[in-house]
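Here are a few short exercises to work through with the model open beside you. Try each task before reading its solution.

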Amino acid sequence: MSTSVQPGQRADVQYLLRVGDACLVLSHRISEWIGHSPVLEEDLALGNIALDLLGQARALLTRAGQLNEEPLDEDQLAYLREERHYLNPVLMELPRGDFAFTQARNLIAACWLLPLWTRLQASSDAEVAAIAAKAVKEVRYHQQHAAEWVVRLGDGSEESTRRMTTALAALWPYVNELFASDAVDAAAEASGLGPAWSSLKPDWNAAMDEVLAEARLARPKDTPHVYAGVRGVHSEHMGHMLATMQSLQRAYPGGVW
């Protein structure tokens, strides 16, 4: 078994990897809170959210592997790709940060994933549609959970408000990538596989603005820069994360329990 795999360039595979990798990488970042959350109940909640995202990632990576020119399984795609072959938005790979940062990122991600999964229920790929039908129920809870914390912290004490405001300001420059369009995106929309990411922005704006208003938080100013994680151009944090995530499989490729 090779110690490195590289998916092909089919647009449908690339599109599914973008969504699957987003879920996989965010799941890993959220899982880093296990044993470190401020209360036991939140340890359980974040652990469940991470598991939901991991399940969504597994399903999409499995489907992407089936469609790839050379079939690949979920473990190969999760553990045996090099950094430049991961196609997640950079937002998902940023270090864990403090609790406010995590909940702000979870809200941004859930407000993006919810309309995406909702529309993927009508995918021309029956398997993707079935995956979406389950995922949309999970992400609806993720959005609710994160929104409650953003409101609680944003409209809380002076210190919690400061931390949430700082977290949103740090995350906002990465948001544009969630709505950037390119040839892969256009091909998925044309084939009916999935929506163009740019079409998700009105729903995302409405959901975010509603929560920020309830939290009495000002919406950060938009920035023009667009990151390129979906094209394999990542931050310096991605390689460090993968070194941890892939260590066992890299040491014992193809190993089984």
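**Exercise 1. Find the polar partner of glutamate 93, then describe its surroundings.**

Solution. This is a predicted model, so read each distance as a computed value.

Step 1: Look at the side chains. Those of glutamate 93 and histidine 234 are joined by a polar contact of 2.8 Å.

Step 2: Place the residue. Glutamate 93 lies in the loop that runs between helix H3 (74-79) and H4.

Step 3: Look for a charged partner. Glutamate 93 is buried but has no salt bridge. Its nearest side chain of opposite charge belongs to arginine 29, 7.3 Å away, and a salt bridge would need the atoms within 4 Å.

Step 4: List the neighbours. Not counting residues up to four places away in sequence, glutamate 93 touches Val25, Arg29, Asn88, Arg105, His234, Ser235, His237 and Met238.

**Exercise 2. Decide whether arginine 96 is buried, partly exposed or exposed, and find what its side chain reaches.**

Solution. Step 1: Arginine 96 is also in the loop between H3 and H4.

Step 2: Its relative accessible area is 25%. Buried means under 20% and exposed over 50%, so arginine 96 is partly exposed.

Step 3: The side chain of arginine 96 comes to 3.0 Å from the backbone oxygen of glutamate 32.

Step 4: Contacts of arginine 96, leaving aside neighbours within four places in sequence, include Arg29, Glu32, Trp33 and His36. Isoleucine 30 is 66 residues away from arginine 96 in sequence, yet their C-alpha atoms are 7.1 Å apart.

**Exercise 3. Work out which helix gives the most residues to the largest nonpolar core, and examine tryptophan 112.**

Solution. Step 1: The largest nonpolar core has 85 residues. Those touching the most other members are Tyr15, Met92, Ile108, Trp112, Leu116, Trp117 and Trp204.

Step 2: Helix H4 (residues 99-120) contributes the most to this core, with 15 residues.

Step 3: Beyond its neighbours within four places in sequence, tryptophan 112 is in contact with Ala22, Pro89, Met92, Leu178, Phe179, Trp197, Leu200 and Trp204.

**Exercise 4. Count the disulfides and check cysteine 23 and cysteine 111.**

Solution. Step 1: With a cut-off of 2.5 Å between sulfur atoms, the count is zero.

Step 2: For cysteine 23, the nearest cysteine sulfur is that of cysteine 111, 14 Å away. Starting from cysteine 111, the nearest is that of cysteine 23, again at 14 Å.

Step 3: Check accessibility. Cysteine 23 is buried at 0% relative accessible area, and cysteine 111 counts as buried at 1%.

How values were computed:
Residues are numbered from 1 along each chain as its sequence is written. This is a predicted model: local features need pLDDT of at least 70, side-chain atom pairs count only at pLDDT 80 or more; totals for chains, interfaces and linings use all residues. Side-chain values use heavy atoms; hydrogens and water are left out. A nonpolar core is a set of buried Ala, Val, Leu, Ile, Met, Phe, Trp, Tyr and Cys residues joined through side-chain atoms within 4.5 Å. Buried means under 20% relative accessible area, exposed over 50%, partly exposed in between (1.4 Å probe, protein chains only). Helices (H or I, at least four residues) and strands (E, at least two) are DSSP runs, numbered from the N terminus. Contact means heavy atoms within 4.5 Å. Lys and Arg count as positive and Asp and Glu as negative; His and the chain ends are not counted. A polar contact is a pair of N or O atoms within 3.5 Å; within protein, one must be able to donate a hydrogen and the other to accept it, and residues adjacent in sequence count only if both atoms are side-chain atoms.
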